[in-house]
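Please read this short report alongside the sequence and the model, taking one region at a time.

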Amino acid sequence: MSSIITTRFEERFGKSRELTARAQQRFPSGVTHDGRYLEPFPVFVDHAAGSTKISVEGHPIIDYWVGHGSLLLGHSHPAVVKAVQDQMTKGTHFSAGHELEIEWADRICQMVPSAERVRFTNSGTEATLMALRVARLVSGKRKVLKFIGHFHGWHDFLVPAAYAPYDPNDWSMPGVPSGALEDLVVIAPGNLDVVAEAIRVHQPACLIVEATGGHWGTVPMRREFMQGLRDLTKQHGVILIFDEVITGFRVHAGGAQAAYDVTPDMTTLAKILAGGLPGGALVGRADLMDAIAFNNQYGRKMRHPGTFNGNPLSAAAGCAALDLIANNQPCDAANRSAQELRLRLNTLFAEKHANWCAYGDFSMIHILTGFDGPRPDTDDFIPHGGDYTKLDAKGDPKFLYAFRAALLLGGVDWFAWGGMTSSAHTPQDIDTTVAAFDQAIDLLRGDDWI
Ligand SMILES: Cc1ncc(COP(=O)(O)O)c(C=O)c1O
């Protein structure tokens with residue numbers, strides 16, 4: 001990273017620099033999640049409330065990562081904190097069923113249209129892994145259809161084709177055995193004819209899709225496409241899985257499936273599901289979920305242990321969060337803030353003659369640089385006609401680091417080239433964020449990035 005941004009960043013975040021030096025002695029690259037890596041170093045956080053994190057230096061930072069998407073209600077929502085504190089005194093693991101896990105599942109089934117039965121996991125990655133295994137057991141087929149650029153967690157069967165650059169001739173990934181690729185069929189997003197042909201040729205067990213498009217809508221998919229997937233999969237007996245790990249309880253209290261009125265056969269959930277604590281679930285049609293049951297209709301059971309499945313702390317946080325989300329108001333509030341921010345950013349980019357645009361839908365905002373076309377003034381607009389090779393290309397990581405560091409200098413933390421709002425983001429936060437982008441563009445220009 002070149003000098004102005006780096007110098008100011010090092011001055012402002014001195015303690016984070018020291019902690020990075022310590023972290024590097026313990027963690028590869030000093031981080032515990034790839035996405036948190038930043039140059040010259042990441043900012044360490046001491047505590048957080050509402051929309052704002054406080055860095056170890058005491059600087060407030062408006063947060064658009066919102067717990068990797070898990071904090072629709074913002075940080076440390078009092079109702080969630082109280083529910084967890086109360087449960088903490090009662091016990092954190094009973095090695096037994098408990099009433100709260102049933103209440104948690106009741107809420108999910110009331111809110112998510114496809115949820116007839118629930119199985120809790122510890123993460124979204126575990127939920128998508130389970131979804132494939134259930135689909136294979138039930139259908140007796142092996143192949144799985146996924147879209148280029150759709151992220152479903154980091155396990156061997158779905159991580160291929162999740163990250164740009166995309167080479168349709170080679171989906172191998174370091175450390176993933178080639179056997180894991182044998183039953184994976186990867187197709188370009190956005191074209192129902194391509195999907196129909198892949199189903200005809202490969203006769204897959206299932207099709208899995210990020211419900212608003214790859215990388216939470218970086219390459220958007222809209223209602224009509226999802227309805228098309230529903231029609232095609234139903235027609236050909238392919239199990240349709242919506243990965244709603246991010247969109248579930250975010251875009252709408254019932255997830256994208258409720259917003260679109262398109263019901264898949266199974267759904268993977270995590271993040272908001274557990275109110276900001278670890279947790280995930282596979283939910284779906286009772287006959288499919290029967291694959292996990294003892295003495296089931298299939299005569300062979302899918303084994304599923306997992307020490308912390310349905311644990312009382314996550315259940316307490318999840319119930320408290322879902323109770324607040326059920327009336328959809330937090331989703332509406334977050335959606336409104338994001339829409340306002342998209343509009344304001346596009347106005348700013350035009351004023352500053354920056355060839356950037358902000359686009360997206362619901363509470364998700366994506367920034368596209370090097371874009372000279374018309375800027376969207378409605379959420380219907382999809383830049384580059386939705387071409388994934390342009391919307392989800394591998395950019396220069398050093399440019400991304402400079403962008404994020406420049407924004408952090410203005411008190412805003414952005415999730416790579418995207419951001420998500422929570423119901424705790426205020427109009428004042430939006431003002432501060434627009435000012436931070438204004439300053440960041442100047443800083444990036446000063447360092448010759450743009
Ligand atoms: C759409 C989607 N699916 C699955 C996952 C994996 O979830 P987890 O990080 O809980 O394993 C993620 C994580 O960001 C995701 O965005």
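## A helix inside the structure

A residue is called buried here if 20 or more other C-beta atoms lie within 10 Å of its own C-beta atom. In this predicted model, twelve of the 14 residues of helix 12 meet that condition, so the helix is largely enclosed by the rest of the structure. Among these buried residues are Pro 312, Leu 313, Gly 318, Cys 319 and Ile 325, and the buried residues of the helix pack against helix 3 (78–90), helix 4 (99–111) and helix 13 (329–351).

The length of helix 12 (residues 312–325) can also be checked, because at 1.5 Å a residue its 14 residues should span 20 Å, and the 20 Å between its end C-alpha atoms agrees with this.

## Two domains and their contact

The chain is divided into domain 1, which takes in 3–75 + 329–446, and domain 2, which covers 78–325. Their C-alpha centres lie 27 Å apart, and the contact between them takes 23 residues from domain 1 and 28 residues from domain 2.

On the side of domain 1 that touches domain 2, helix 13, strand 13 (364–368) and helix 14 (388–391) each supply at least two residues. The residues of this side comprise eleven that are nonpolar, nine that are polar and three that are charged.

## Around the ligand

Which residues come nearest to the ligand? Of the 14 residues around it, these are Ser 123, Gly 124, Thr 125, Gly 153 and Val 245. Helix 5 (residues 124–139) gives the most to this shell, with three residues, while the shell as a whole divides into four nonpolar, eight polar and two charged residues.

Note on methods:
Residues are numbered from 1 along each chain as its sequence is written. This is a predicted model: local features need pLDDT of at least 70, side-chain atom pairs count only at pLDDT 80 or more; totals for chains, interfaces and linings use all residues. Helices (H or I, at least four residues) and strands (E, at least two) are DSSP runs, numbered from the N terminus. The expected span of a helix is 1.5 Å times one less than its number of residues. Two residues are in contact if their C-beta atoms, placed from the backbone, lie within 7 Å. Domain bounds come from an automatic or database domain assignment. Ala, Val, Leu, Ile, Met, Phe, Trp, Tyr, Cys and Pro count as nonpolar, Asp, Glu, Lys and Arg as charged, and the others, Gly among them, as polar. A residue is near a molecule or strand if its C-beta atom, placed from the backbone, lies within 6 Å of it.
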